[in-house]
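Q: Got a minute to go through this one with me? I'd like to start with the helices and then move on to the sheet and the empty spaces.

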Amino acid sequence: MPAITVTIRDVDDARARIADVAHTTPLWPSVALSEQTGSEVLLKCENLQRTGSFKVRGAANMLALQSPLPSGVVAASAGNHAQGVALAARGHGLPAIVVMPRGLPLAKQRAVLEYGAEIELVDGGLWPAQERARVIAVERGYLYMPPFDDPAVIAGQGTVALEVLEQCPQVDTVLVPAGGGGLLAGVALALKARRPAARVIGVQARAMPGIIASRAEGRPVRAPVAHTIADGVAVAGPSALTLALIERFVDDVIAVSEEEIARAIVFLVERSRLVTEGAGALGVAALLARRVEARGPTVAVLSGGNIDVTQLGRLMERGLLAAGRLRELTIAAADMPGELAMATAAAAAAGANVIGVEHDLVPADLPIGVVRITLRVEVAGAEGFAALVDRMLADGFVRGTVTELATRTAATYPE
């Protein structure tokens, strides 16, 4: 492991250096999470930071330390680092080029362009993007600004911890989203320097657990490129520097599933009125899934809120499915007037919201004269769905052998 080259003094200096660029973000209590975990839970709202994520902190600090200023900057990013670099470069009147993996949310690409940067798209994830950015840096004589593997970047990200300590001096646990480990390393270093007893836990997407794999191997290793709704942490793994800091200062690193991330996004929108991207919801996902026990004041860092509106709609639906609040109920019914009305009336009486109906009039696997009705319903979880089934049985439906439920008329048909 390399020597530790970042200190708490670097973090303190970074905070003063970036004060005019990065906002102090709020630390909001979450009553709902506190009730569920039995401990006080607070949300560090970096989703409300300039550019919509913490990344502007590290980018602004690194660029402010350059003397003389470069002729331009280039970076590789899944989106948030790109916006931080673009904003920092614009503040110094410098041109910026950002290499991004193809297929990222359009909202992140548009934001980068609006900050004045040029975008180049590449295939294959963040690693090829980083290689291409380094080539551009050599070709044009620009400064390459890494997303996490730099002491100045790490120190800038660590300023999040200084704010948390001022806002909640008795903090016990801090949950930090992690991809390449820059935010996790910086927060852990600063927190342990000022409050050694506090726990720092990194949270990764299970689809790309590069830090977890690296800790197991004792050296930086790269996780295979995989799709994850937490695209902000879709990084192959940590650098030698971030891994060294994580091994020294971080208590544990855990992973959460795609369904758990989606559920956390829904939870934050519904219960806290906060919009986060997948990566930003990782800490909350860990709490909801009981991957970590909250003890004493617990802070979940919402690292970013840059999510495409269309993607948000899809993730909201996925989260509702994961929570058991969107369900489908299939009914075999007689091909006669009133059967569909019976089903929807029973759903309404049970308090289920019918949001979709599929009416198959000629199902190949059912007898002639029998249709298949599929109701897509929104219910209050498993208990709500059970209440719907009970109500349909009480209203004259019987359990059928062809489908889960069938009307009395349909049930008389042989299979």
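A: Sure. Helix 9 (residues 210–217) is a good place to start: it lies across strand 8 and strand 9, running at about 135° to strand 9. Keep in mind that this is a predicted model.

Q: Which residue of helix 9 can we zoom in on?

A: Try Ser214, which has its place in helix 9.

Q: Ser214, buried or exposed?

A: Buried: its relative accessible area is 0%, and the cut-off for buried is under 20%, so Ser214 falls in that class.

Q: And what is Ser214 in contact with, leaving aside neighbours within four places in sequence?

A: Arg219, Pro220, Val221, Pro238 and Leu243.

Q: Back to the strands under that helix. How many residues of strand 9 are buried?

A: 4 of the 5, so strand 9 is largely enclosed by the rest of the structure.

Q: In what sense do strand 8 and strand 9 pair, and over how many bridges?

A: They run parallel, with 5 bridges. As an example, Gly202 has Val253 in strand 9 as its bridge partner.

Q: What about strand 7 and strand 8, which way do they pair?

A: Strand 7 (residues 173–177) and strand 8 (residues 199–205) pair in the parallel sense, over 5 bridges. Gly202 turns up here too, as the partner of Val176. Put those together and Gly202 is bridged to Val176 and to Val253.

Q: OK, zoom out. What order do the strands take in the sheet?

A: It's an open sheet of 6 strands, ordered 1-2-10-7-8-9, and the pairing is mixed. At the edges sit strand 1 (27–29) and strand 9 (252–256), each of them paired on one side only. On average, neighbouring strands are turned by 25° against each other, direction ignored.

Q: So strand 9 is an edge strand. Why call it largely enclosed, then?

A: The pairing on one side only is about its partners in the sheet. The enclosure is about burial: 4 of its 5 residues are buried, which is why it counts as largely enclosed. Helix 9 also lies across it, along with strand 8.

Q: Which helix lies across strand 1?

A: Helix 7 (residues 151–167) does, and it also lies across strand 2 (41–45) and strand 10 (298–302). Its angle to strand 2 is about 140°.

Q: Changing topic: pockets. What volume does the largest one have?

A: About 650 Å³. Its lining has 38 residues, and those nearest the centre are Pro101, Gly125, Leu126, Ala234 and Val235.

Q: Which elements give two or more residues to that lining?

A: Helix 6 (126–140) and helix 13 (309–322). Helix 6 provides the largest share, at 4 residues.

Q: How does the pocket lining split by class?

A: 20 nonpolar, 10 polar and 8 charged.

Q: And closed spaces, how many cavities of 30 Å³ or more?

A: The count is 1. The largest cavity has a volume of about 270 Å³. There are 26 residues lining it, and closest to the centre are Phe54, Lys55, Gly232, Val233 and Val235.

Q: Hang on, where did I see Val235 before?

A: In the pocket: Val235 is one of the residues nearest its centre, and it is also among those closest to the centre of the cavity.

Q: Which helices line the cavity with two or more residues?

A: Helix 4 (80–91) and helix 8 (182–194), with helix 8 giving the largest share, 3 residues. By class, that lining has 12 nonpolar, 12 polar and 2 charged residues.

Terms used. Residues numbered from 1 in each chain as written. Predicted model: local features only at pLDDT ≥ 70, side-chain atom pairs only at ≥ 80, totals over all residues. Heavy atoms only, no water. Pairing = 2+ DSSP bridges. Axes fitted to C-alpha atoms, helices over the stretch in contact; angles between N-to-C directions. Contact = heavy atoms within 4.5 Å. Buried < 20%, exposed > 50% of the residue type's maximum accessible area, 1.4 Å probe, protein only. 1 Å grid on protein atoms, 1.4 Å probe; cavity = no way out; pocket = protein on both sides within 12 Å on 5 of 7 lines; lining within 4 Å. Points joined across faces, edges and corners; volume = space filled by probe spheres on them. Nonpolar A, V, L, I, M, F, W, Y, C, P; charged D, E, K, R; others polar.
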